[in-house]
Structure formats: C-alpha cells, structure tokens
Amino acid sequence: MQLLELILLQIRWDNIIEGIIYGIGAVFSILLLALSVSAYRDTGMKRIKYAIVAFGLFAIFLFYEFIDKFFRGLDSAYADIIVAPIVLAIVILFFLGIVKKDRQ
C-alpha cells in the first residue's frame, strides 16, 4: 500500500485523469474492434478490414498513452517516433475504408 501511495503522490492529478480517459478510450476502441470483426464476419465487406486494423492501432496507441501517464520511464524520443506514425496510419486506414470501393 505504501508503494501505491508513493507512486500516486509523484503523479499529478491532471495526469491521473488524463490516463484514466486514455484507458477508457483504449477499452472502447477494443470494443469497436470486436464489433468490426463481428460485422466483417456477418457481411464480408472488405472495407471493414481497414477499420479493424485502425481500431487495433488506436487501441495500441491509447494503451501506450495510458501507461505513459503512470510510468515516467517510458517517455523517450524513440517512443514518439513510433507513436506518431501509428496516428498517421490510423487516419490513412479510416480514409481508405471510406474511399475504397468493395469489389465482390
């Protein structure tokens, strides 16, 4: 219990709230990922594959941000180099999911 109190005393409250919001977003994106997989199985629309990958990447991104708010040791330049392309890939995948036509 003392270790938890020590960790919480070193983290600012705004970081805790932000981390909780990231955690909720990660759980929500995993739920959307599961719904997308279910929709793909039901309909077979190939465009849904883009949403599946995008929601998976979004869950990874939000989970990383959640962990980053509570553990300061994860903050590095390399992490930022990896996280930024993930966000770009999410946007590109959603764009492709909207623009691409399904060919049956």
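1. Let's start with the buried side of helix H2. In this predicted model, the buried residues of H2 are Asn15, Ile16, Gly19, Gly23, Gly25, Ala26, Ser29 and Ser36. The list includes three glycines by name, Gly19, Gly23 and Gly25, along with two serines, Ser29 and Ser36.

2. Next, the length of H2, which runs over residues 13-43. With 31 residues at 1.5 Å each, H2 should span 45 Å, and its end C-alpha atoms do lie 45 Å apart, so expectation and model agree. Just past the end of H2, Gly44 adopts a positive phi of about 75°.

3. Now for the partner of H2. Two packed helices are described by the angle between their axes and by the distance between those axes. For H2 and helix H3 (residues 48-70), the angle is about 160° and the axes are 8 Å apart. An angle over 145 degrees counts as roughly antiparallel, and H2 and H3 are therefore roughly antiparallel to each other. The crossing of H2 past H3 is left-handed. Sorted by class, the residues in this contact are 20 nonpolar, 8 polar and 4 charged.

4. Ser29 is a nice residue to click on if you want to look at H2 from the inside. Ser29 sits in helix H2 and has a relative accessibility of 2%, which means that it counts as buried, the cut-off being under 20%. Leaving out residues up to four places away in sequence, Ser29 touches Phe55, Phe58, Ala59 and Leu62. Those four partners have numbers that fall within the range of H3, residues 48-70.

5. Which residues does Ala54 contact beyond its neighbours within four places in sequence? The partners are Ile90, Leu93 and Phe94. Ala54 belongs to helix H3, and helix H4 covers residues 77-99, a range that takes in these three partners. Ala54 has 0% relative accessibility and so counts as buried. Its C-alpha atom is 6.7 Å from that of Phe94, although the two residues are 40 positions apart in sequence.

6. Glu65 deserves a look of its own, being a charged residue by class. Is Glu65 buried or exposed? At 13% relative accessibility, Glu65 counts as buried. Glu65 lies in helix H3, and with residues up to four places away set aside, it touches Tyr22 and Val83. By number, Tyr22 falls in the range of H2, residues 13-43, while Val83 falls in that of H4, residues 77-99.

7. Ala79 is a residue to visit in helix H4. With a relative accessibility of 10%, Ala79 counts as buried, because the limit is under 20%. Ala79 and Tyr64 are 15 residues apart in sequence, and their C-alpha atoms are 9.3 Å apart in space.

8. Finally, a step back to the whole chain. The secondary structure comes to 4 helices and 0 strands, and from the N terminus on, the elements run α-α-α-α. The chain has 104 residues, of which 27% count as buried; Ser29, Ala54, Glu65 and Ala79 are among them. Of the contacts with a separation of 6 or more, 69% are between residues 24 or more positions apart. The contact of Ala54 with Phe94, at 40 residues apart in sequence, is one of these.

Key:
Residues are numbered from 1 along each chain as its sequence is written. This is a predicted model: local features need pLDDT of at least 70, side-chain atom pairs count only at pLDDT 80 or more; totals for chains, interfaces and linings use all residues. Side-chain values use heavy atoms; hydrogens and water are left out. Axes are lines fitted to C-alpha atoms, for helices over the stretch in contact, and angles run from 0 to 180 degrees between N-to-C directions. Angles under 35 degrees count as roughly parallel, over 145 as roughly antiparallel, 65 to 115 as roughly perpendicular and the rest as oblique. A crossing is left-handed if the near helix is turned anticlockwise from the far one by less than a right angle, and right-handed if clockwise. The expected span of a helix is 1.5 Å times one less than its number of residues. Buried means under 20% relative accessible area, exposed over 50%, partly exposed in between (1.4 Å probe, protein chains only). Contact means heavy atoms within 4.5 Å.
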